[in-house]
Amino acid sequence: MAHPVIEADECIACGVCVDDCPQGVLELQDVATVVDEDSCIGCGVCLDGCPSGAITEIAED
Ligand code: SF4
Ligand code: SF4
């Protein structure tokens, strides 16, 4: 199962990943948070678009 790994300390809560994810996997709480891991297709759009490098990898586990 794919899911983005988000470093909360690096997240500036801009919401770009939340808006860009085609699957609705992410939600902006205090920081970007995975709320629907089962829907993640591992596309990497969130990682590519994050301006702060807070999304370090798309993990497969
Ligand atoms: S890898 Fe793709 S589907 Fe998964 S959370 Fe990121 S943008 Fe959404
Ligand atoms: S794009 Fe990056 S900095 Fe912006 S909310 Fe998502 S994880 Fe946080």
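**Buried cysteines and two ligand sites in a predicted model**

Student: Why is Cys-21 counted as buried?

Tutor: The relative accessibility of Cys-21 is 17%, and buried means under 20%, so Cys-21 meets the criterion. The model is a predicted one.

Student: How do you know that Cys-46 is buried?

Tutor: Its relative accessible area is 9%. Because the cut-off is under 20%, Cys-46 counts as buried.

Student: What makes up the largest nonpolar core?

Tutor: It consists of 12 residues, including Cys-21, Cys-46, Val-25, Leu-26 and Ile-55. Membership requires buried residues of the listed nonpolar kinds, joined through side-chain atoms within 4.5 Å. In soluble globular proteins, nonpolar side chains tend to be buried together.

Student: Which residues come closest to ligand 1, and where does this ligand sit?

Tutor: The closest are Cys-21, Cys-40, Cys-43, Gly-44 and Cys-46, out of 13 surrounding residues. Ligand 1 occupies the second largest cavity. Its shell has 10 nonpolar and three polar residues, with no charged ones.

Student: Which residues come nearest to ligand 2, and what is the space it takes?

Tutor: Cys-11, Cys-14, Gly-15, Cys-17 and Cys-50 come nearest, among 13 residues around ligand 2. The space it takes is the largest cavity. The shell around ligand 2 divides into 11 nonpolar and two polar residues, and none is charged.

Student: How many disulfides are counted, and why?

Tutor: The count is zero. A disulfide needs a pair of cysteine sulfur atoms within 2.5 Å, so a count of zero means that no pair satisfies this rule.

Key:
Residues numbered from 1 in each chain as written. Chains lettered and ligands numbered in written order. Predicted model: local features only at pLDDT ≥ 70, side-chain atom pairs only at ≥ 80, totals over all residues. Heavy atoms only, no water. Near = heavy atom within 4 Å. 1 Å grid on protein atoms, 1.4 Å probe; cavity = no way out; pocket = protein on both sides within 12 Å on 5 of 7 lines; lining within 4 Å. Sits in = over half its atoms within 2 Å of the grid points. Nonpolar A, V, L, I, M, F, W, Y, C, P; charged D, E, K, R; others polar. Buried < 20%, exposed > 50% of the residue type's maximum accessible area, 1.4 Å probe, protein only.
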